[in-house]
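Me: Hi! I have a protein model open and I'd like to get to know it piece by piece. Could you walk me through it?

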Amino acid sequence: MSANALETEVKFYVRNLDRVKSRLEELKARLIQGRILETNIRFDLPGAPLRAEGKVLRLRRDTSVKLTYKSASTNEQGVLSREEIEFDVGDFDKGKRFLESLGYQKLVYYEKYRTTYELNDSFVMLDELPYGNFVEIEAGTVDVIRTVAHKLHLKWETAIGTSYNALLDRARKHLSVAFEDLSFAEFRGIPVEAAHLEVRAADT
C-alpha cells in the first residue's frame with residue numbers, strides 16, 4: 001500500500017465475511033478505512049501486451065484517485081509478489097482521458113466494496129466483489145502473512161494465486177456469460193459458487 005514498493009499479498013475466498021470481521025475486532029485490529037466502493041479501470045494497449053506480460057496499469061477511485069503500475073508477479077505458495085508504483089492523480093476523468101490520449105484502452109472495468117484493517121504489521125482487506133467475498137492480506141514477508149492468516153482461522157492451502165480479473169475469466173467460462181466488466185449490475189441475479197471461480201473457501 002506504499003507509493004513505490006514490493007507488494008506481497010495473498011487472497012482467500014470466504015463464505016462468511018462477517019465472521020472474519022468479528023475475529024479482527026477480537027484481535028484489536030485497527031480500522032484503517034471503513035467500507036467503501038472502489039471503481040477501477042484496467043488499461044492496456046491494443047493487443048493487450050501488458051496483460052500478456054502479466055503487468056497491470058490501473059486507474060482507481062475510492063476516497064482518492066490513484067494511478068497504479070504493477071510488474072509481473074511471482075507466485076510462492078499462493079502469495080503474489082510484484083513491484084508496485086502508485087501515486088495520486090486527483091481527477092478520475094482527466095486520468096482516464098490522459099491514458100486514452102496516449103493510446104491506452106479499457107481492458108476491463110471492475111468494482112468492489114473494501115474495508116481495510118491493520119494487524120500485526122499487515123493490512124487486511126475485506127473485499128466484497130460481485131461474484132463473492134474475499135480476504136486479502138498484504139505484508140512485508142510471507143511469514144507475517146501466514147501468521148495473520150492463521151490468526152484469522154483461514155486455511156493456508158486455499159490461498160488464491162491469481163487476480164480478481166482472472167477469477168472473472170473463470171466465472172464467465174463456467175456461467176457462460178458474455179459481459180466483460182466485473183460490476184454488481186452485471187452479476188445481479190446470477191448465483192456464483194466457489195466452483196465457478198475454481199477456488200475453495202478458506203473459512204470452512
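Me: Let's start inside. Which residues touch the most other members of the largest nonpolar core?
Reply: Happy to help, and keep in mind that this is a predicted model. The largest nonpolar core has 24 residues, and Phe12, Leu24, Val124, Val135, Ile137, Leu152 and Leu154 touch the most other members.

Me: Which helices and strands supply at least two residues of this core each?
Reply: They are strand E1 (4-14), H1, E7, strand E8 (122-129), strand E9 (132-139) and helix H4 (142-151). H4 gives the largest share, with four residues. Apart from this core lies another one of 20 residues, and Ala171, Phe179, Leu197 and Ala201 are among them.

Me: Back to Val135. What is it in contact with, leaving aside neighbours within four places in sequence?
Reply: With those neighbours set aside, Val135 is in contact with Val10, Lys11, Phe12, Val14, Leu17, Val20, Val124, Met125, Leu126, Leu152 and Leu154.

Me: You mentioned H1. Which residues of helix H1 are buried?
Reply: Helix H1 covers residues 17-26, and its buried residues are Leu17, Val20 and Leu24. Looking down the axis of H1, you'd find these buried residues within an arc of 60 degrees, so they line one face of the helix. Asp18 and Glu26, on the other side of H1, are exposed.

Me: And what goes on at the two ends of H1?
Reply: At the start of H1, Asn16 has a side-chain oxygen that reaches to within 3.2 Å of the backbone nitrogen of Asp18. After H1 comes Lys28, which has a positive phi, near 65 degrees.

Me: Why would a positive phi catch your eye?
Reply: Because most residues other than glycine have a negative phi. His153 is another case, with a positive phi near 65 degrees. His153 sits in the loop between H4 and H5 and is exposed, at 55% relative accessible area. Glu198 also has a positive phi, near 60 degrees. You'll find Glu198 in the segment after helix H7 (194-197), where Glu198 is partly exposed, with a relative accessible area of 41%.

Me: Changing topic: strands! How many bridges join E2 to E7?
Reply: There are 12 bridges between strand E2 (residues 30-44) and strand E7 (residues 105-119), and the two run antiparallel. To see one spot, look at Asn40, which stands opposite Tyr110 in E7.

Me: How many bridges join E2 to E3?
Reply: Five, and E2 and strand E3 (residues 56-61) run antiparallel. Ile41 has Leu59 in E3 as its bridge partner.

Me: Now charges. How many salt bridges are there in the whole structure?
Reply: A search of the whole structure turns up 19 salt bridges. In one of them, the side chains of Glu38 and Lys112 meet at 2.9 Å, N to O. Glu38 is in strand E2 and Lys112 in strand E7, so this pair ties together parts that are 74 residues apart in sequence.

Me: Are those two buried or exposed?
Reply: Glu38 is buried, with a relative accessible area of 3%, and Lys112 is buried too, at 2%.

Me: What does Lys106 form a salt bridge with?
Reply: Its partner is Asp181, and the closest N and O atoms are 3.2 Å apart. Lys106 lies in strand E7, while Asp181 is in the loop between helix H5 (164-175) and helix H6 (184-187), so the pair ties together parts 75 residues apart in sequence. Lys106 is partly exposed at 41% relative accessibility, whereas Asp181 is buried, with a relative accessible area of 17%.

Me: Any example from within one helix?
Reply: Try Arg172 and Asp169, whose side chains meet in a salt bridge of 2.5 Å, N to O. Both lie in helix H5, three residues apart, which is about one turn of the helix. Asp169 is partly exposed, with a relative accessible area of 28%.

Me: Which residues do salt bridges that share partners join into one network?
Reply: That network is made of Glu38, Arg60, Lys112, Arg114, Asp127 and Glu136.

Me: Last one: where is Glu76?
Reply: Glu76 is in strand E5 (residues 74-76) and counts as partly exposed, at 47% relative accessibility. Glu76 and Gly161 are 85 residues apart in sequence, and their C-alpha atoms are 8.2 Å apart in space.

Key
Residues numbered from 1 in each chain as written. Predicted model: local features only at pLDDT ≥ 70, side-chain atom pairs only at ≥ 80, totals over all residues. Heavy atoms only, no water. Pairing = 2+ DSSP bridges. Salt bridge = Lys/Arg side-chain N within 4 Å of Asp/Glu carboxyl O. Buried < 20%, exposed > 50% of the residue type's maximum accessible area, 1.4 Å probe, protein only. Arc of directions from axis to C-beta. Polar contact = N/O pair within 3.5 Å; in protein donor to acceptor, adjacent residues only side chain to side chain. Core = buried A, V, L, I, M, F, W, Y, C linked by side-chain atoms within 4.5 Å. Contact = heavy atoms within 4.5 Å.
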